Amino acid sequence: MWKSPRPVFVLLTILLVVFALAGCGPAGSGSASISAENVWARAAKMSGEAMGGMQHGHGAESMEYGGTKANSAVYMKLVNRGAQADRLISAKADVCQTVELHETVMQGDVMRMQQVQGGIEVPANGSVELKPGGLHVMLIGLTKDLNPGDKFPVTLQFEKAGAITVQAEVRQP
Ligand SMILES: [Cu+2]
């Protein structure tokens, strides 16, 4: 721990201003500009029984791929504090067989999911929200039950910021 935090904060502030003025900061420091907030996953059983998804009208994430494979989805807010746009290009988790980046689209009256082409853009000095009924990290073929309160790591691969591992908390929506 720092014994005298004040000079440190002053120094940090100066560094932040310098980096901001420099535009994109020093090479290789990109990972600091992306963060994931409020990361959570939809509770689901390996048997394919989705918990709570249907009743709320945003059940597409737990319905697709037929009734045999158990699926879930991870939601979060991606925040980019950098001056350059970045892209979430893939994700990994060890609670399922396959992880895909999905978007939910309406085809007439039918809610469908499809893979996002080219990744999910996180605008410079902006954010993008992954939420039920919209963009999400799809967990396909669960290899363990996701019970409310469980936590598991999800590794997010960004085009510029590289790999960032976050903890997803399982919730019953
Ligand atoms: Cu999906």
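## Close-up views of a predicted model

**View 1. Val74 has Val137 of strand 8 as its bridge partner.** This is a predicted model: local features need pLDDT of at least 70, side-chain atom pairs count only at pLDDT 80 or more, and totals for chains, interfaces and linings use all residues. Residue numbers start from 1 along each chain as its sequence is written. Helices (H or I, at least four residues) and strands (E, at least two) are DSSP runs, numbered from the N terminus. Two strands pair if DSSP finds at least two bridges between them. Strand 2 and strand 8 run antiparallel and are joined by 4 bridges. Strand 4 is also joined to strand 8 in the antiparallel sense, by 6 bridges. There, Leu101 stands opposite Val137.

**View 2. Contacts around Val137.** Two residues are in contact if their C-beta atoms, placed from the backbone, lie within 7 Å. Which residues does Val137 contact, leaving aside neighbours within four places in sequence? They are Ala73, Val74, Ala91, Val99, Leu101, Leu130 and Val154. The strand around Val137 is mostly covered: 5 of the 7 residues of strand 8 are buried. Buried means that 20 or more other C-beta atoms lie within 10 Å of a residue's own; exposed means 12 or fewer, and partly exposed lies in between, with C-beta atoms placed from the backbone.

**View 3. The largest nonpolar core has 33 residues.** A nonpolar core is a set of buried Ala, Val, Leu, Ile, Met, Phe, Trp, Tyr and Cys residues joined through C-beta atoms within 7 Å. Val74, Val137, Leu139 and Val154 touch the most other members. Elements that give two or more residues to this core include strand 1 (34-42), strand 2 (71-80), strand 4 (96-107) and strand 8 (136-142). Strand 3 (86-93), strand 6 (120-122), strand 9 (151-158) and strand 10 (162-171) do so too. Strand 2 gives the most, with 5 residues. In soluble globular proteins, nonpolar side chains tend to be buried together.

**View 4. Glu37 and Asn38 in strand 1.** Glu37 counts as exposed because it has 11 C-beta neighbours inside 10 Å. What does Glu37 contact, leaving aside neighbours within four places in sequence? Met76, Lys77 and Val79. Met76 is 39 residues from Glu37 along the chain, yet their C-alpha atoms are separated by 5.8 Å. Asn38 is also exposed, with 11 other C-beta atoms within 10 Å. Its phi is near 50 degrees, a positive value in a residue other than glycine.

**View 5. Asn125 in the loop between strand 6 and strand 7 (126-130).** Most residues other than glycine have a negative phi, and most peptide bonds are trans. Phi of Asn125, however, is positive, near 50 degrees. Is Asn125 buried or exposed? With 12 C-beta neighbours inside 10 Å, Asn125 counts as exposed.

**View 6. Glu100 in strand 4.** Glu100 is partly exposed, because 17 other C-beta atoms lie within 10 Å. Not counting residues up to four places away in sequence, Glu100 touches Gln115, Met138 and Ile140. Leu139 is 39 residues from Glu100 in sequence; C-alpha to C-alpha, the two are 6.9 Å apart.

**View 7. The hairpin of strand 4 and strand 5.** These strands pair in the antiparallel sense over 6 bridges. Met106 stands opposite Met111 in strand 5. The hairpin has 2 residues between the strands, and Gly108 takes a positive phi near 65 degrees. How many of the 6 residues of strand 5 (residues 110-115) are buried? The number is 0, so strand 5 lies largely in the open.

**View 8. The whole protein, with its confidence.** The protein has 2 helices and 10 strands. From the N terminus on, the order is α-β-α-β-β-β-β-β-β-β-β-β. Of its 173 residues, 28% are buried. Among contacts between residues at least 6 apart in sequence, 72% join residues at least 24 apart. pLDDT is the predictor's confidence in each residue, from 0 to 100. Its mean over the protein is 82, and 69% of residues reach 70 or more. Over residues 14-19, pLDDT stays under 50, and the model has 1 contact beyond four places in sequence for them. Residues 52-58 also have pLDDT below 50, but this stretch has 13 contacts beyond near neighbours in sequence.
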